[in-house]
Structure formats: C-alpha cells, structure tokens
Amino acid sequence: MRCVVANWKMNLRSEEAHAFCEDLLLHIAPEPQAEVGIAPPFTLLSLVSGLVRPKGLHVFGQNGHAEDKGAFTGEISMPQLRDVGCSGVLLGHSERRQFFGETDAALAKKIKAAWQWDLLPLLCIGETLAQRDAGETLAVLGQQLSILSQTGPGPLWVAYEPVWAIGTGRRAEAPQVLEAHGFIRAELIRHGACADYEVPILYGGSVTPESFPELLNIPEVAGGLVGGASLDPHKFAALVKQAG
Ligand code: PGA
C-alpha cells in the first residue's frame, strides 16, 4: 500500500481550498492506485470532505483531543472530526510536540480515542537535529514508538519526519531514511503492531516531485506526508501519480 497525505498546516481559506480540490481531482486518476489523504485546518474539514470523500480520498484532522467532549476550550474531539467527514487524524506532528507541548502520554490516549471513533491515526515521529547530532536518533524513535505498548495494536499509519528536514528544503539522505524506516519497522513488529494490520511507514520532510521517486525506492518507504509541496495542486497531483 502506497500513501500520500497533504498536511496543509495553518494555510488556505475556503475559496482557495475549494479551488485546490477541484484542480486536484481534475489532475489525478479517478481511482488512484495510492491511498490519498488531505489534512486541512479544522475550518476547512467539512468543505474538503464534501469535495474529496466521494472520490475516495481520505480526510485527516491535524490533531484531536482524547476526550469525547467537555470543557477543553479550543480543542476538537475525535467524534467531532468524524462528524465533519474525517476518516483519520494526524497525531504527534513535531510542530504539535514542539509548540504545543504534545506528550507521548497524551498521544497514547489520543490513539485509543481515535480507534474508538473509527479514525485512522497517522502517528508522526522524528528526531531533532540536536538529537541526530548526538547520535540519539534511533533511541528517540524507539521512545516515541513505545506508546504502542500502551495502546496495543490497531489500524495505524506512521510517518517518519526528521524535524530538521521539515520545511527546510533539506531532505534526509537515502541511508538515513533506510536506517530509520528499517528500525521503525522492527519496533512496530516488536510491539505487535503489524501482526494483524498493514502499517505503512511514510516519509515526511521537504518531499517534492523531484525527490519523491528516489524516496519511494527505499525499502519500507510506503509514501509521503507532504507540507509545502501539498499546497500546490499540480505538485500534489504529481506526487500522487508517482506513488500510484
Ligand atoms: P514539509 O512539511 O513537506 O513542508 O517539509 C512536512 C510536514 O510537516 O508534514
């Protein structure tokens, strides 16, 4: 299974999102071989899911709260994501960890909440530059994946996103990606996550149509989580085609 997911982050308004979706649907095959997802900001979820879900694309929330409802001003719950047409949710993106204090303990609860509401979690993991320079990359990835011992197995996609490669134009080198993805697969197996579920491992961090084909040739790279290049429907359509 190959997967390509657009992470729009805090970008686009209704009119732009509408135009993007129409353009994208014109440029991708009616039944793309790859699993395609879009993670728009909360304000655009209804609009985007109305346009792309009928065409078989996934819509992901960019975050979701572990509780179903309650006094959590500014948060959105998993049932609310379902309510507006989401089939999945990004969890643990490095920007959430870095700027909003997302912890592994909270993520374990969020994964379970997502499953309870039939949402596919796309768990993002990755090391900072300081951690890589200190030789801690695999230890960090192992730590971030250790929450799977609390959640148990379930439907899951994982994205390996080295923090230093996100939005920087600096992509990880093939041997670095190979090592990280191989390690992630071994950890997923060790936690029993792959016994009953196919768990694709996406790469994220400055993915473009220029770099994607080489990445897709690396063993255990099942696709991409794409930020900057996903804001251009033609570039995103090209990525979908490359994955197909
Ligand atoms: P980028 O973002 O493609 O702009 O590096 C990727 C991400 O943050 O998921």
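## Where the ligand sits

Which pocket does the ligand take up? In this predicted model, the space filled by the ligand is the second largest pocket.

Let's look at what lines that space. The ligand is surrounded by 13 residues, and the closest are Lys 9, His 93, Glu 161, Gly 167 and Ser 206. Sorted by class, this shell holds 7 polar residues, 4 nonpolar ones and 2 charged ones.

## Polar contacts to the ligand

Three of the closest residues are worth a look in your viewer, each paired with an oxygen atom of the ligand. For Lys 9, a polar side-chain atom is 2.7 Å from a ligand oxygen. Glu 161 also uses its side chain: one of its N or O atoms lies 2.6 Å from an oxygen atom of the ligand. With Gly 167 the partner is a polar backbone atom, found 2.6 Å from a ligand oxygen.

How much of the ligand's exposed area does the protein bury? On its own the ligand exposes 280 Å², and the protein buries 96% of that.

## Salt bridges

Now to the charged pairs within the protein. How many salt bridges does the model have? The count comes to 7.

One of them joins the side chains of Lys 110 and Glu 102, with an N to O distance of 3.0 Å. Are these two partners buried or exposed? Lys 110 and Glu 102 are both buried. Another salt bridge links Arg 171 with Glu 214, and here the closest N and O atoms are 3.0 Å apart.

Terms used. Residues numbered from 1 in each chain as written. Predicted model: local features only at pLDDT ≥ 70, side-chain atom pairs only at ≥ 80, totals over all residues. Heavy atoms only, no water. Near = heavy atom within 4 Å. Polar contact = N/O pair within 3.5 Å; in protein donor to acceptor, adjacent residues only side chain to side chain. Areas by Shrake-Rupley, 256 points an atom, 1.4 Å probe, with all protein chains shown as cover. 1 Å grid on protein atoms, 1.4 Å probe; cavity = no way out; pocket = protein on both sides within 12 Å on 5 of 7 lines; lining within 4 Å. Sits in = over half its atoms within 2 Å of the grid points. Nonpolar A, V, L, I, M, F, W, Y, C, P; charged D, E, K, R; others polar. Salt bridge = Lys/Arg side-chain N within 4 Å of Asp/Glu carboxyl O. Buried < 20%, exposed > 50% of the residue type's maximum accessible area, 1.4 Å probe, protein only.
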